[in-house]
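Q: Hi! I have a protein open on my screen and could use some company while I look through it. Can we go over it together?
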Amino acid sequence: MQILFVADGNLKYCGARYYFTYRRLQNGFIRNGHNVYFLSDTDTARAGNILRSSKLGWRHVNKVFIETCYNFHPDLIVLGQADAIQPESLRKVKSFLPHVKIAQYNVDALFTRHNINMLKKLLSYVDATFVTTAGSILECLSNPGGVVRFIPNPVDKSIDYPRCHERSDQEYDVFWSMRTSKNDADPRVDFPLLLEKSGKVKIDYYGMNGKPELWGADYYQAIENAQMGLNINQTSQTYTKQKSIHTNIGKGDLYLYSSDRIAHYMGSGLLILSTRDNRLEELFKEDREIIFFSSKKELLEKVLYFRNHDAERREIAGRGWEKSHACYNERLVAKYMLETTFDLQLSEEYAWPTETY
């Protein structure tokens, strides 16, 4: 099958974001035997004007997108948060490729109005919409002409190469990385700071408390040098303190949502320490594949426990690693997206909810 994959290729970062979801899904489609052509909407937009502005280049990238479709004749177009692509461009493509199927996906939380609006913008022209949040909240994206479904954050063995669960010689007990907060009130920083201030835990953190963000190969080298990984997600309450544009979606509406860091960390064999938000125990078995905590005190207690019970740490992390690579890998997620978009019978019993909205 011919697949045109459109997403932000992040060329301006010179490879520092090579592990993002669009790379994983591309790999999945290719490894499933499809011919994939990649178009970076943001980079193409920047190349289309002298100021190198992505917004000023929207007309240019849409022209390139239409011409690429004309030359490539895709059977499937996958739009990965490709905000620059406009509905009129999809209408034109459908006029000369009437049988083409179009899917869009978004891996960010749905409590930002921007994410909801970008998905809604194209609903009339797409056959399927995929997000990393599940449940009834997806009804806000339902439409007569297409389906809406959940997808998990995919792991990819070619990217998530460390096997932290097989080692005991790492320098750090815990790893945590976040994008630099624009507001010191972000409560997530309290958890790694608590571990540090305890004086009992060696924690390697980035993007907070004066330490810069971590990207590229350095990010995975840091993962490889730790035994456990913190998975603490933003909530709508956290986000509204940092951004002016948001919705009123609460924690209860973020069913199964997690940042893609859970795929990076678990796919690399870290023992995941996650807050008890969003019912992630439905994807990973508590105390067998993942560890949950409800408070700072409980987090510290569990970190100290697994630091002193290394064999148990490696055993649980190993089961999480096996589960993520067996059930949530890039090939399975890509196959599921294709089957959904073409309204095919699902080829297997996937490990995540497959309800349609």
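Q: Let's start with contacts. What share of those with a separation of 6 or more is between residues 24 or more positions apart?
A: That share is 73% in this protein, counting contacts with a separation of 6 or more. Keep in mind as we go that this is a predicted model.

Q: Okay! How many helices and strands are there?
A: The protein has 12 helices and 11 strands.

Q: And how does its radius of gyration fit with what the globule rule gives?
A: The radius of gyration is 21 Å, close to the 21 Å that the rule gives for 357 residues, so the protein is as compact as a globular protein of that length. The C-alpha trace spans about 65 × 45 × 35 Å along the principal axes.

Q: What percentage of the residues is buried?
A: Of the 357 residues, 57% count as buried. As for the outside, the accessible surface is about 15,500 Å², and carbon and sulfur atoms make up 48% of that.

Q: Now the sheets. What is the strand order in the one with 6 strands?
A: That open sheet runs β2-β1-β3-β4-β5-β6, and its pairing is parallel. At the edges are β2 (35–40) and β6 (147–150), each of which pairs on one side only. From one strand to the next, the twist averages 20°.

Q: Can we zoom in on β5 and β6? How many bridges join them?
A: There are 4 bridges between β5 (residues 128–131) and β6, and the two strands run parallel. For a spot to click on, try V131, whose bridge partner in β6 is F150.

Q: Which strands does helix α5 touch?
A: Helix α5 (residues 113–121) packs on the sheet and touches β4 (101–106) and β5. The direction of α5 makes about 180° with that of β4.

Q: And what does α3 lie across?
A: Helix α3 (residues 58–72) lies across β1 (2–7), β2 and β3 (76–80), and runs at about 165° to β1.

Q: Next sheet! What order do the strands take in the one with 5?
A: The order is β8-β7-β9-β10-β11, in an open sheet with parallel pairing. β8 (203–206) and β11 (291–293) each have a single partner strand, so one side of each is left without a neighbour in the sheet. Ignoring direction, neighbouring strands here are turned by 25° against each other on average.

Q: Which residue of β10 stands opposite M228?
A: L271 does. Strands β9 (residues 226–231) and β10 (residues 271–275) pair in the parallel sense over 4 bridges. Helix α7 (residues 216–224) packs on this sheet too, touching β7 (172–177), β8 and β9.

Q: Switching topic: which residues touch the most other members of the largest nonpolar core?
A: Among its 50 residues, those are F5, F29, Y105, F175, M337 and W352. Several elements supply at least two residues each, including β1, α1 (21–31), α9 (261–266) and α12 (330–341). The largest share, 6 residues, comes from α12.

Q: What does W352 touch?
A: Leaving out residues up to four places away in sequence, W352 touches F150, P152, L283, C327, Y328, L332, V333 and Y336. You met F150 earlier, as the bridge partner of V131.

Q: And how many residues are in the other core?
A: That core has 25 residues and lies apart from the largest one. W176, M228, L230 and L273 are among its members.

Technical notes:
Residues numbered from 1 in each chain as written. Predicted model: local features only at pLDDT ≥ 70, side-chain atom pairs only at ≥ 80, totals over all residues. Heavy atoms only, no water. Pairing = 2+ DSSP bridges. Axes fitted to C-alpha atoms, helices over the stretch in contact; angles between N-to-C directions. Contact = heavy atoms within 4.5 Å. Rg over C-alpha atoms; globule rule 2.2 N^0.38 Å. Buried < 20%, exposed > 50% of the residue type's maximum accessible area, 1.4 Å probe, protein only. Areas by Shrake-Rupley, 256 points an atom, 1.4 Å probe, with all protein chains shown as cover. Core = buried A, V, L, I, M, F, W, Y, C linked by side-chain atoms within 4.5 Å.
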